[in-house]
Amino acid sequence: MSGTKEEDRKSSSEWRDFFWNPRTHELLGRTATSWGLILLFYLVFYLFLAGMFALTMYILLLTLDDYKPTWQDQLATPGMMIRPKGDQLEIVYSVSDAQSWDGFVQNLNSFLSPYNDIYQVQTNDNCPPDQYFIQEDSGEVRNNPKRSCQFNRTMLEECSGLSDHFYGYSRGQPCILIKMNRVIGMLPGKDGQSPYVTCGAKRYKVDKDEWREDSDKIGPLAYYPPNGTFNLMYYPYYGKKAQVNYTQPLVAVRFLNASLNTDINIECKINSNTLSTGSDRDKFAGRVAFKLRINEK
Ligand SMILES: *[C@@H]1O[C@H](CO)[C@@H](O)[C@H](O)[C@H]1NC(C)=O
Ligand SMILES: *[C@@H]1O[C@H](CO)[C@@H](O)[C@H](O)[C@H]1NC(C)=O
Ligand SMILES: *[C@@H]1O[C@H](CO)[C@@H](O)[C@H](O)[C@H]1NC(C)=O
Ligand SMILES: *[C@@H]1O[C@H](CO)[C@@H](O)[C@H](O)[C@H]1NC(C)=O
């Protein structure tokens with residue numbers, strides 16, 4: 001009995017000695033010098049690691065070009081997008097309910113404000129159409145900043161929001177804007193042929209083996225600028241930093257007599273003699289699909 005107590009006392013005093021031994025001046029079994037050396041070792045070790053990291057980063061950044069992406073997908077046909085932008089690719093509203101389309105109108109108004117003619121004339125050039133606006137660098141000498149071509153809001157005519165402030169939404173003839181994602185250096189057409197957009201019914205699956213399309217519901221379409229072209233003069237694009245005032249060309253599609261109170265599945269695609277659409281590799285290349293539904297009330 002007394003023996004175990006003795007042992008307890010002994011082990012507890014051993015513990016205390018291990019934590020702080022007054023005789024040898026050891027903390028947790030090491031002297032101050034030993035601890036100091038360990039701390040010094042780790043300090044030097046981590047400083048070395050941090051230095052290596054900084055050096056690698058610095059060398060990597062030196063090899064990057066501010067004006068061109070180092071890696072860019074070479075083959076890809078760019079994706080396309082529509083405006084007004086919603087949560088999904090859906091334009092659903094009621095003609096008689098102004099609240100249901102007011103958001104679309106606001107969205108288009110703000111999207112198109114940099115396209116105002118006054119602003120375009122101040123910032124951009126009036127370029128000769130149907131040809132590329134080439135501004136290459138001569139060797140190491142950078143030809144920067146590069147100019148960009150005017151895309152006037154009035155070129156969207158009925159879809160500019162200027163003659164009809166509601167872009168046709170209040171009359172059941174909505175305008176949808178289409179843009180093609182920017183790709184640096186892309187040449188979207190040859191032999192002076194600008195690429196153009198066409199929209200039609202999208203084939204969609206209703207059942208396992210049943211496909212359908214809404215071609216009878218779309219009605220006639222109008223395209224602005226004429227023929228729905230992205231003029232060659234807006235290409236090639238040299239990047240945000242080199243071409244600061246670049247204005248992305250747009251195509252507006254207006255639905256002149258789409259069927260009311262029904263879902264219409266639409267697909268718009270680019271037609272070009274250099275870009276191919278919808279390969280297996282990327283079925284969104286050069287096309288965009290969305291749903292349109294115009295309710296009467
Ligand atoms: C854009 O509008 C301005 C002013 O109306 C005009 O002078 C200019 O020629 C237009 N540019 C293009 C490319 O149509
Ligand atoms: C960009 O636009 C501003 C005016 O908004 C103009 O002063 C400047 O020269 C333009 N830069 C280029 C490279 O076109
Ligand atoms: C539109 O296309 C037609 C037929 O391809 C062509 O004759 C006409 O010149 C084009 N219009 C414009 C403005 O490019
Ligand atoms: C619009 O389409 C409907 C059928 O959906 C047709 O009856 C009507 O005549 C068309 N209106 C115009 C102006 O083309």
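**Contacts, core and backbone of the model**

Me: Which residues does Leu292 touch, not counting residues up to four places away in sequence?
Reply: Leu292 touches Ile91, Phe255, Ala258, Ile264 and Ile266 once residues up to four places away in sequence are left out, where contact means that the two C-beta atoms, placed from the backbone, lie within 7 Å. This is a predicted model, in which local features need pLDDT of at least 70 and side-chain atom pairs count only at pLDDT 80 or more, while totals for chains, interfaces and linings use all residues. Residues are numbered from 1 along each chain as its sequence is written, and chains are lettered from A and ligands numbered from 1 in the order in which they are written.

Me: What makes a set of residues a nonpolar core, and which members touch the most others here?
Reply: The term covers buried Ala, Val, Leu, Ile, Met, Phe, Trp, Tyr and Cys residues joined through C-beta atoms within 7 Å. The largest such core has 45 residues, and Ile178, Val251, Ala252, Val253, Cys268 and Leu292 touch the most other members. Among the elements that each supply at least two residues of this core are helix H3 (98–112), strand S6 (175–180), strand S11 (251–255) and strand S13 (287–295); helices (H or I, at least four residues) and strands (E, at least two) are DSSP runs numbered from the N terminus. S6 gives the most to this core, with 5 residues, and S6 is mostly covered, since 5 of its 6 residues are buried.

Me: How do you know that S6 is paired with S4 and with S11?
Reply: Pairing requires that DSSP finds at least two bridges between the strands. S4 and S6 run antiparallel and are joined by 4 bridges, and S6 and S11 are likewise antiparallel over 4 bridges, so both cases satisfy the requirement of at least two. In the first pairing Met81 has Lys179 in S6 as its bridge partner, and in the second Ile176 stands opposite Val253 in S11.

Me: Why is Tyr167 called buried or exposed?
Reply: A residue is buried if 20 or more other C-beta atoms, placed from the backbone, lie within 10 Å of its own, exposed if 12 or fewer, and partly exposed in between. Tyr167 has 28 C-beta neighbours inside 10 Å and therefore counts as buried. Tyr167 lies in the loop between H4 and S6, and its phi is near 50°, a positive value in a residue other than glycine.

Me: What makes Asn261 buried, exposed or partly exposed?
Reply: Asn261 has 10 C-beta neighbours inside 10 Å, so it counts as exposed. Asn261 is placed in the loop between S11 and S12 and has a positive phi of about 60°, although it is not a glycine.

Me: Why does Glu158 fall into its exposure class?
Reply: Glu158 has 17 C-beta neighbours inside 10 Å and therefore counts as partly exposed. Glu158 sits in the loop between helix H4 (117–123) and S6, and, leaving out residues up to four places away in sequence, touches Ser163, Asp164, Ala222, Tyr224 and Arg254.

Me: What kind of peptide bond joins Tyr224 and Pro225?
Reply: Tyr224 and Pro225 are joined by a cis peptide bond, with omega about -10°, and Pro225 lies in the loop between S10 and S11. Another cis peptide bond joins Arg83 and Pro84, where omega is about 5°, and Pro84 is found in the loop between strand S4 (80–83) and S5.
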